[in-house]
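Open the model in your viewer and keep the selection tool at hand. This tour moves from stop to stop, saying what to pick and what is there.

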Amino acid sequence: MSINVSLGALSLRNPTILASGILGTTASSLIRVYKSGAGAVVSKSISINPNEGYKTPVLIDLGYGYINSMGLPNPGLDEMIVEFKVVKSKKVKLFGSIFASDIDEFKYLASKLTDYVDALELNLSCPTKMGVGLEIGKIPWMVEETTREVYKKSKVPVIVKLPPLVTLIDELTLAAEDGGASAVTLTNTAKAMKIDVFSKKPILQGVYGGLSGKALKPLSLACVFKAYEVLSIPIIGCGGIYSWEDAVEYILAGAKAIQIGSAIVSEGLGIFKKICIGIKKYLEENNIDKINDLVGLAHRR
Amino acid sequence: MIVSQKPIEIVNILTHSNRIKTFYLKLKDRIRVAPGQFMMVWIPDAEEIPISISYFNGSTMGLTIAAVGETTRQIHKLKIHDSLYVRGPYGNGFKIPRGINKIWIIGGGYGIAPLLLLAKKASSMNVKVISFLGARNKDELLFYDQFKLLGEVFASTDDGSEGFHGDVTTLVEKYLSVSKTDLMYACGPEDMIVKLIKLACNHNLNLQASLERLIKCGIGLCGSCCLDPLGLRVCRDGPVFPLKILVKLNELGCYYRSPSGVKVKLSD
């Protein structure tokens, strides 16, 4: 019984991946998460220049999920390449997440990073970042064009991460596929906010944040299910995965791999191993040889 | 645990010096606090910052805050009956292993604040406490009298207004020639911590130290406080680390990371 998976040309030792934005700025933390059992790790989203992100508070714990407004802090392309070289020297399966305000910047980032990563993940959907560019993820032709331009510059597979827009997700994912994406990550966080009733003001300095964790799961799961019906490229499920049951749900909906983020708070870094053990046991109990045979089974009518 | 930002009434304010105050909050939630843990503290229109807990009796919590930036200066303007928004407590605090008879507590500057709870806990467990407190001046020897009630105290000040005129680590080093301890606990400036790690190694002593890095989320998600080379998070894996970890943290005393994650040299 093996739980390794392949996403097009990418092969992973197991289907659990560290989601972008979580612990992904320094080489040492990326290596730590990989060593703790992840099949791959995604870096924080990288921009050309250093970005401080929003001022605190950047996190609200709702109890049933989190709203964050980190605002894509990262030390910029040059510093991240230094960190990535260290990560790669440890044979870690690394995806580099990138964000930009226009297609030229995306192309530049892709061409500079392609030698240091196993795949690129395009962040077309961060709900917290100020300014232009990250609205791309809700416009199908822009998704297609951005993906295509990055694809042309990249020597490694291109993964496109999209927002949890259930009604639009089939068009958006098809656009990514047409643009040359090797896989899609469904989904990013959902645009969300919280208001403090005492001061009568939004708590987050960026006003909006991204909803993650348990509250996001049904939405992202529906996106995966819906996209699976139209797509031929693999789907990576992401949103509120806390247990092997959550992971199997995503796989049954059509995901070949899954990303984990918020659950690290309550479950710790052991979650990657724990989910792998749970999936293995589930496959055994159901007499299924490999994860591939489980993908999309919930679509049988 | 208070999970999200919640306004809590200030019931008392203790002014230590023109730049350090302790705010006492009356909590309605039942929470547990370990010495060395911290709260995320916020007021609207300012930033949210990690503050270590200097007092807790089950319902009243003391947060000692130095006015060193825009947010802390705004907090210092608050009066009794105003509110501070808090969430927490977070992080791993100081641990008092079984069989320990005598400890040394070493605090530098407002790093003294979280050590008071530790001294009280140790004392309640019949552990002998000797404290070494260092500050700029007499007023900033936080909770000096309270530490005295809990055991012997050696003080040092930068201006010589109380105790030894100089560095608290020099004081510790001097005392090492006449006495030994089972375990040292430390909180304070990074150069102090680095010196104590060396002292501990050279004299074969044990040490637990509380570290400081840029904390944003407070719950171990964002990675802004990660330490090289192990990727440990100050907010979640720390802020208190044991000697066997401290000796491996090669960034200590050398650099930290800015809000964007760019390395900043500590000598700068």
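Start with the smaller of two enclosed spaces in this predicted model. The second largest cavity holds about 80 Å³ of space. Select Thr25(A), Ser224(B), Pro259(B), Ser260(B) and Gly261(B). Among the 14 lining residues, these five lie nearest the centre of the second largest cavity. Now colour the lining of this cavity by class: eight residues are polar, three are nonpolar and three are charged.

How many cavities of 30 Å³ or more does the count give? The count comes to two. Move on to the largest cavity, with a volume of about 530 Å³. Its lining takes in 39 residues. Select Ser20(A), Gly21(A), Ile22(A), Asn68(A) and Thr189(A), the closest of them to the centre. Next, show β6 (66-68), β8 (119-123) and β16 (255-260) of chain A. Each of these elements gives two or more residues to the lining of the largest cavity. By class, the lining of the largest cavity splits into 18 nonpolar, 18 polar and three charged residues.

Stay in chain A and switch to a cartoon view. Four strands of chain A form an open sheet, in the order β5-β6-β14-β11. The pairing is antiparallel. Which strands stand at the edges? They are β5 (59-61) and β11 (190-192) of chain A. Each has a single partner strand, so one side of each is left without a neighbour in the sheet. Look along the sheet for its twist, which averages 30° from one strand to the next.

Zoom in on β11(A) and β14(A), residues 209-212. Three bridges join these two antiparallel strands. Pick Lys191(A), then find Gly210(A) opposite it in β14(A).

Now go to chain B and select β1(B), residues 2-15. Which strand does β1(B) reach through a hairpin? That strand is β2(B), and the hairpin joins the two through four residues. β2(B) covers residues 20-26 and pairs with β1(B) in the antiparallel sense over five bridges. For a contact to click on, take Asn12(B): its bridge partner in β2(B) is Tyr24(B).

Keep β1(B) selected and add β6(B), residues 83-90. The two strands run antiparallel and are joined by five bridges. Finish on Ile8(B), which stands opposite Leu84(B) in β6(B).

Technical notes. Residues numbered from 1 in each chain as written. Chains lettered and ligands numbered in written order. Predicted model: local features only at pLDDT ≥ 70, side-chain atom pairs only at ≥ 80, totals over all residues. Heavy atoms only, no water. 1 Å grid on protein atoms, 1.4 Å probe; cavity = no way out; pocket = protein on both sides within 12 Å on 5 of 7 lines; lining within 4 Å. Points joined across faces, edges and corners; volume = space filled by probe spheres on them. Nonpolar A, V, L, I, M, F, W, Y, C, P; charged D, E, K, R; others polar. Pairing = 2+ DSSP bridges. Axes fitted to C-alpha atoms, helices over the stretch in contact; angles between N-to-C directions.
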